[in-house]
Each structure stands twice: as C-alpha cells, then as structure tokens.
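Student: Could you take me through one part of this molecule up close, and then show me what surrounds it? I'd like to start at the end of a helix and work outwards.

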Amino acid sequence: MKTLKNNQQFIEVVGFGDATLDFLCTIDSLSNYNQPTLIKNFKKSGGGSIATALIALQRLGGSSAFIGSLGNDWIGKEIIRGLKNENIECTGVQFHKHASSTFSFIQIDERSGKRAIAYYPGSRILIKFDPKAKEMIKKSRILLIDGYTPDEDIKAAEFANSCGVKIMFDANILYEKTDKILQFTDYLITSESFLYNYSKNKDLDTSLKMLYEHYKPEILVTTLGKKGSVAFLNNKILKVDSFKVEVKNTTGAGDVYHGSFIFGILKKWGVWETMVFSSAVAALKCTGHGGIKSIPDFITTINFLKKHKININNYKI
C-alpha cells in the first residue's frame, strides 16, 4: 500500500470478483470423451480473472486489494495464502462456512499451449458489495471488475463512480445487465468474442467504433489473443501485434494483460505504449508452465522490450 503525507494508507487498485485455485494438467493433446490421455505434469496454482490481474500488477510494482467470496475450506485457505504471498490486501474477502471455494481443472496442450477449462463457481456467486468493500474502494484509484455477478458489480461500480474512483471493466461475457456496468466504465478492455457478441457484427473496426460511440469510455481496448490487441482512440484504430515467444501455457494471459494495463494507467503512459508493455508482460507469462509463476516483474519486462528493440524511455516509473 502507498502512504499519503498525513500517513493515511491507500490502495491503488481494488479488484472485485474472481479468485480460484487452478489444477493444471499438462498433456500431449486435449482429450475427448472417448480417448483418455496421460497427464505429463500436474500443478496447483492461484488463478481467476481478478486475482491474476492483481498479481500481475503487484509483480510490476503496484498495490492492490482483493474483494471476493470464498468458502471456509482448504481451497479458500490456499487461495488466500497465494494472494497474501503477493502482498495483496485481503481483509475484504468474504468467507462462507457452507460453500465450496471456486476452482478449475485446466488441461494444457503441451505442444501448442492451448487449454480447455472446466470451472466450478462455488462461493464466487455469493460475493456481496458490503461496507468493507465500500471502505476499500473509497480509498483506491481504480476499481477492477469482471461483470460475472452483475447486480453486485453494478453496486460497486456505481459507488466507485460517486467517489471519483475510475472503473476498469474486464468484459468477457455479455449478460442482460452488462449495459448498466458499461455506463459506469472508464477503462474498457474486452475479449474479441465480447466485442462481436455486443455489436452482432464481425467487422473489427465497425464493432469497436459502435461500442465506443455507445458508451464513450476513456480507453477502449480489445484483446485478440495471438493476433495482439486493438484500441479505438481519437477516432482511429491502434493495432499492436503480440510478441512471438515459445508458448507453454496461455492460461491467464488476458488477465495478466489487464493488470499490466492498469499499471500503465497508473504511471500515466500513453495508450499505445501501455498496449505494447501489456503485450510483453502477457507474452512472458505464456513462456512458463505454471498459471501465475511465470508472470514477470518490471525489470524482466523492460529487458524483454529492449531485446525486441522497443524504446524503453517511454516507460518511466
């Protein structure tokens, strides 16, 4: 956490949403219903869209707090231990005695790094926008939400907006009430599927412009996986290619991009520069087998950018 002149502590970013324990199985190729496959490597790792983004932010040098809902079980304890090891503030976590914590089974294709995910939401759906969440959001600069529990996310976003706290929305799934969240969103990063589901149009430029014109966020970015990312800025499309690396596991790459993008916003970098930086962090994450183990720190990312002949003078901290 950062400290103000009057010694009052504040948190730069509050994440409201998902934290999971991922069971990662590396296999020769993704299995199907009638063809068993041998697990070549197995690991447990913290995961979840919000938690992974916060971990990326922490590794780069930011400060954050997690607000989520967990069961009072060994999985929840493992999740909390992992978050605390990253120096993420966890006093806003809500525990439920009779609910199971959220977990995922993830198959990872050893050759391509592609994965298949089976997700158990468990306690995730029990998250509430409570007084502790209010207290933490009020003293932050950015609220990160994922929209998976729209009613509670809307409450959190509306409150953050009333306090002058900026809102980043990690938009992956289009729900009936997503429109209300978008109305409060300052920084919007969408998946490609979300963008096309929203616009009902398969033209990238047209879809981006349509989404921007409807909600006019300060920043609008769509991630495209291995194709890179695009932004709509000053009525123009900005395109950043992904970095070519030896991919071992793509799990969480998009979430890492979001956390890295927040870091760039906090440092007041330009949108294009932040997109390049976030792409580099996400690429480095994909070079390791673990879910979060290979998320890099700031120096590692800068060295990677130098290696790829990117002007690092753009990245002052």
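Which residue follows α10, and is its phi positive or negative?

Tutor: Lys309 comes after α10, and its phi is positive, near 60°. Before we go on, remember that this is a predicted model, where local features need pLDDT of at least 70, side-chain atom pairs count only at pLDDT 80 or more, and totals for chains, interfaces and linings use all residues. Residues are numbered from 1 along each chain as its sequence is written, and side-chain values use heavy atoms, with hydrogens and water left out.

Let's look at the helix itself. Helix α10 covers residues 298–307 (helices are DSSP runs of H or I with at least four residues, strands are runs of E with at least two, and both are numbered from the N terminus). Its buried residues are Phe298, Thr301, Ile302, Phe304 and Leu305 (buried means under 20% relative accessible area, exposed over 50%, partly exposed in between, with a 1.4 Å probe and protein chains only). Looking down the axis of α10, you'd find those buried residues within an arc of 160°, taken from the directions between the helix axis and the C-beta atoms, so they line one face of the helix. Here's the background: an α-helix has 3.6 residues a turn, so residues three or four places apart point the same way. On the face turned away from the buried side, α10 carries the exposed residues Ile299 and Lys307.

What does the buried side of α10 pack against? The partners are α1 (49–60), α8 (253–266) and α9 (271–285), with contact meaning heavy atoms within 4.5 Å. At the N-terminal end, Asp297 acts as a cap for α10: one of its side-chain oxygens lies 3.5 Å from the backbone nitrogen of Ile299.

Now follow α1 outwards. It lies across β3, β6, β11 (142–145) and β12 (166–171), and it runs at about 170° to β6 (angles go from 0 to 180 degrees between N-to-C directions, using lines fitted to C-alpha atoms, for helices over the stretch in contact). Those strands sit in an open sheet of 8, ordered β6-β3-β11-β12-β13-β14-β15-β16, with mixed pairing (two strands pair if DSSP finds at least two bridges between them). The edges are β6 and β16 (236–240), each with a single partner strand, so one side of each has no neighbour in the sheet. From one strand to the next, the twist averages 20°.

Edge strand β6 (residues 64–67) is covered on both faces: Ser64 and Phe66 on one side, Ala65 and Ile67 on the other, all of them buried. That fits a simple pattern: in a regular strand the side chains alternate between the two faces of the sheet. Strand β3 (residues 13–16) runs parallel to β6 and is joined to it by 4 bridges, with Phe16 opposite Ile67. Further along, β13 (residues 187–191) and β14 (residues 219–223) also pair in the parallel sense, over 5 bridges, and Ser191 stands opposite Thr223. Helix α7 (residues 204–215) packs on this sheet, where it touches β13, β14, β15 (229–233) and β16, and its direction makes about 50° with that of β15.

There's another open sheet too, with 4 strands in the order β5-β4-β9-β10 and mixed pairing. Its edge strands, β5 (39–47) and β10 (115–120), each pair on one side only. In the middle, β4 (residues 20–27) and β9 (residues 103–109) run parallel, joined by 7 bridges. Helix α2 (residues 74–85) packs on this sheet, touching β4, β5 and β9, and its direction makes about 90° with that of β4.

Charges come in here. Glu78 forms a salt bridge with Lys44 at 3.9 Å (a side-chain nitrogen of Lys or Arg within 4 Å of a carboxyl oxygen of Asp or Glu). This pair links distant parts of the chain, with Glu78 in helix α2 and Lys44 in strand β5, 34 residues apart. Glu78 also makes a salt bridge with Arg81, at 3.2 Å, and these two, 3 residues apart in α2, are separated by about one helical turn. Glu78 is partly exposed at 22%, as is Arg81 at 44%. Altogether, the count comes to 14 salt bridges.

How values were computed. A polar contact is a pair of N or O atoms within 3.5 Å; within protein, one must be able to donate a hydrogen and the other to accept it, and residues adjacent in sequence count only if both atoms are side-chain atoms.
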